[in-house]
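Notebook open, coffee at hand. I want to look a few things up here and jot down what I find.

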Protein chains: 2
Amino acid sequence: MKKVSAWALAALVAATALPASAQFAKSEDAIKYRQGALAVLGQHFGRLGAMANGKIPFDAKAAQENAEVVAFMAKLPWAGFGAGTEGGKAKPEIWKEQAKFQDLSEKMQAETVKLAAAAKSGNLDQLKAAFGPAAASCKACHDSFRSR
Amino acid sequence: MKKVSAWALAALVAATALPASAQFAKSEDAIKYRQGALAVLGQHFGRLGAMANGKIPFDAKAAQENAEVVAFMAKLPWAGFGAGTEGGKAKPEIWKEQAKFQDLSEKMQAETVKLAAAAKSGNLDQLKAAFGPAAASCKACHDSFRSR
């Protein structure tokens, strides 16, 4: 069993949406958690970008694997932005504009699901087409909510 | 679609086993990656431990979700221990005893798959039974390869 169907991936994505009540013993744990999840996501996303932009050769299998990790990781960081966990590179606006933050996080998650489907097609043009909107969804949130 | 079959989980685990050739631009990126992946893993594992040890109430759905994240995350850190990435809390022995390190990492991954299956059962006793060996598999590697 080396392949996973789009259905199975979608099922797993739905099944593991985490409750907002996920708890951290300390604020620093939440910060470490969200930074860790985003760092892992960023690595795999970067490899897809390198393929989409022709910086490294397109490898359909690697693209699929990386995109599946991206789609999975995209669900995780948000539980680490709970009340009282201000700090790190997170701007205070996150806790003042919760609706906007949630909206951008959901858009990003949706784009990563599309990206995983595109990568699964094995077609570089589809990967390129999905990568741009996914990258834009990352940037939209960073521009508003991440300090430099 | 709120449930994922054991088959689908196993398929995803198999599908996303990452190639050893996963690359990092800098050694620090690899260190940040593996530390991030292990931090995320540790948070979710800790929540399962709290349930298994009666420190927080058993919540079958949360247990399943956390265990699925643990099983997924357990596959990731190893690509971050490539040649030339010594540093952080990683002992130099990792790069001197590669066979042992790989063996312990594979045992841990196998235990997390069992843990996810146990959590999926919805039975606290099964979770407790699987948690001990999984925790022991973490400790075995930390004892040999992680500095304090």
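What does the accessible surface of chain A come to, and what share of it belongs to carbon and sulfur atoms? I get about 7,000 Å², with 57% of that belonging to carbon and sulfur atoms. A reminder to myself before going on: this is a predicted model.

**Chain A, overall**

I looked up the secondary structure next. Chain A has 6 helices and 0 strands, and from the N terminus on I read its elements as α-α-α-α-α-α. Burial came after that: 48% of the 148 residues of chain A count as buried. I also checked how far along the chain the contacts reach. Taking the contacts in chain A with a separation of 6 or more, I find that 75% are between residues 24 or more positions apart.

**Helix α2 of chain A**

I picked Leu48(A), which I find in helix α2, residues 27–52 of chain A. Is Leu48(A) buried or exposed? Its relative accessible area is 0%, and buried means under 20%, so Leu48(A) is buried. Leaving out residues up to four places away in sequence, I listed what Leu48(A) touches: Ala63(A), Asn66(A), Ala67(A), Val70(A), Leu115(A), Leu127(A) and Phe131(A). I also took a C-alpha to C-alpha distance to Ala119(A). Leu48(A) and Ala119(A) are 71 residues apart in sequence and 8.9 Å apart in space.

Then I went to Arg47(A), also found in helix α2 of chain A. I had to look twice at the accessibility of this arginine: Arg47(A) has a relative accessible area of 12% and is buried. From Arg47(A) to Ala67(A) I count 20 residues in sequence and 9.2 Å in space, C-alpha to C-alpha. Ala67(A) is also one of the residues that Leu48(A) touches.

**Salt bridges**

How many salt bridges are there over all chains? The count comes to 9. I wrote down three of them, starting in helix α5 of chain A.

Lys107(A) and Asp103(A) pair through their side chains at 3.2 Å, N to O. Both lie in helix α5 (residues 98–120) of chain A, 4 residues apart, about one turn of the helix. Lys107(A) is partly exposed at 47% relative accessibility, and Asp103(A) is partly exposed at 35%.

Lys114(A) and Glu111(A) also meet in a salt bridge, with 3.6 Å from N to O. These two are in helix α5 of chain A as well, 3 residues apart, about one turn of the helix. I checked the acid: Glu111(A) has a relative accessible area of 16%, so it counts as buried.

The third pair is Lys100(A) with Glu97(A), a salt bridge at 4.0 Å, N to O. A salt bridge has to be within 4 Å, and I have this pair down as one. Lys100(A) is partly exposed with a relative accessible area of 39%, and Glu97(A) is partly exposed with 32%.

**A positive patch**

Which residues gather in a patch of positive charge on the surface? I find Lys26(A), Lys32(A), Lys89(B) and Arg146(B) there, with names from chain A and chain B in the list. I followed up on Arg146(B), which I place in the segment after α6 (124–145) of chain B. Arg146(B) comes out at 32% relative accessibility, partly exposed. Patch residues need over 30% relative accessible area, so the 32% of Arg146(B) passes that cut-off.

**Two alanines in chain B**

Where is Ala39(B) placed? I find it in helix α2 (residues 27–52) of chain B. Ala39(B) has 16% relative accessibility and counts as buried. I took its distance to Met73(B): the two are 34 residues apart in sequence and 9.6 Å apart in space, C-alpha to C-alpha.

The other alanine is Ala117(B), which lies in helix α5 (residues 98–120) of chain B. Is Ala117(B) buried or partly exposed? At 47% relative accessibility, I put Ala117(B) down as partly exposed. From Ala117(B) to Lys107(B) I get 10 residues in sequence and 16 Å in space, C-alpha to C-alpha.

How values were computed
Residues numbered from 1 in each chain as written. Chains lettered and ligands numbered in written order. Predicted model: local features only at pLDDT ≥ 70, side-chain atom pairs only at ≥ 80, totals over all residues. Heavy atoms only, no water. Patch = residues over 30% accessible without salt bridge, like charges linked within 9 Å, V, L, I, M, F, W, Y side chains within 5 Å. Areas by Shrake-Rupley, 256 points an atom, 1.4 Å probe, with all protein chains shown as cover. Lys, Arg positive; Asp, Glu negative; His and termini not counted. Charge placed at Lys NZ, Arg CZ, Asp CG, Glu CD. Buried < 20%, exposed > 50% of the residue type's maximum accessible area, 1.4 Å probe, protein only. Contact = heavy atoms within 4.5 Å.
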